[in-house]
Amino acid sequence: MSTLLDRFRQVLLEIFPDPLSYADAEATCAQFAPCDGVEIGSLSIVADRTAESFIKTVLGNLVAQPPAQDVWIGLNDITQEGMFTWSNGDPLVYKNFAVGQPDNGQASGVQSQNCVMYSPALNGWDDVQCQLTLPFFCMMPYETPQTAPQMPPTGPGGPGGTNPNFV
Ligand SMILES: [Ca+2]
């Protein structure tokens, strides 16, 4: 399990490697939503470069050979074409669309593209068809450790797989 602790939001980003459509990925994340939280249980937003770097690192470890797989991020313009919104309602401040994107499928000319993936190969974001199946990250609850003593940091692949560089 690979997670990124966002200390400000008190959430963890956790990868779900099995590919799903955007809607099914959203539904999977929503299973973890508490009654009183809007962030927990949504597809991961990418609020800054730190989060994006983490996602890229996890993807690099996920597959043996590059190129790493693309993943859904919690960004879409399903409601209104061209108006991209994060799954948790945050304003779209940090953006990293790849060159020429979002193009709503203009290049392919096949079908509108309303859901956004992060592509390590593109080193950025691309709007694609929502029915594509991709791995994804969910925003998961982070529970502050109680009175247990601090454990020494573990490297990637250690217990829990938490990368100390991002905590
Ligand atoms: Ca596109």
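The exercises below work through the fold, one helix, one hairpin and one residue of a predicted model.

Residues are numbered from 1 along each chain as its sequence is written. Because the model is predicted, local features need pLDDT of at least 70 and side-chain atom pairs count only at pLDDT 80 or more, while totals for chains, interfaces and linings use all residues.

**Exercise 1. Describe the overall fold.**

Step 1. Helices are DSSP runs of H or I with at least four residues, strands are runs of E with at least two, and both are numbered from the N terminus. The protein has two helices and seven strands.

Step 2. Along the sequence the pattern reads β-β-α-α-β-β-β-β-β.

Step 3. A residue is buried if 20 or more other C-beta atoms lie within 10 Å of its own, exposed if 12 or fewer, and partly exposed in between, with C-beta atoms placed from the backbone. Of the 167 residues, 34% are buried.

Step 4. Two residues are in contact if their C-beta atoms, placed from the backbone, lie within 7 Å. Among contacts between residues at least 6 apart in sequence, 67% join residues at least 24 apart.

**Exercise 2. Check the span of helix H2 and find its buried side.**

Step 1. The expected span is 1.5 Å times one less than the number of residues. For the 14 residues of H2 (residues 49-62) this gives 20 Å, and the end C-alpha atoms are 20 Å apart, which agrees.

Step 2. The buried residues of H2 are Ala51, Phe54, Ile55, Val58 and Leu59. They cover an arc of only 135° around the axis, so they lie on the same side of H2; the arc is that of the directions from the helix axis to the C-beta atoms.

Step 3. An α-helix has 3.6 residues a turn, so residues three or four places apart point the same way.

Step 4. Exposed Arg49 and Gly60 sit on the face turned away from the buried side of H2.

**Exercise 3. Describe how strands S5 and S6 are joined.**

Step 1. Strands pair if DSSP finds at least two bridges between them. S5 (residues 115-119) and S6 run antiparallel and are joined by five bridges.

Step 2. Serine 119 stands opposite glycine 124 in S6.

Step 3. The two strands form a hairpin with four residues between them, and asparagine 123 in the turn has a positive phi of about 55°.

Step 4. S6 (residues 124-128) is largely enclosed by the rest of the structure because four of its five residues are buried.

**Exercise 4. Place alanine 25 in its surroundings.**

Step 1. Alanine 25 lies in helix H1 (residues 22-30).

Step 2. Alanine 25 is buried, because 27 other C-beta atoms lie within 10 Å.

Step 3. Leaving aside neighbours within four places in sequence, alanine 25 is in contact with Leu20, Leu43, Trp72 and Phe136.
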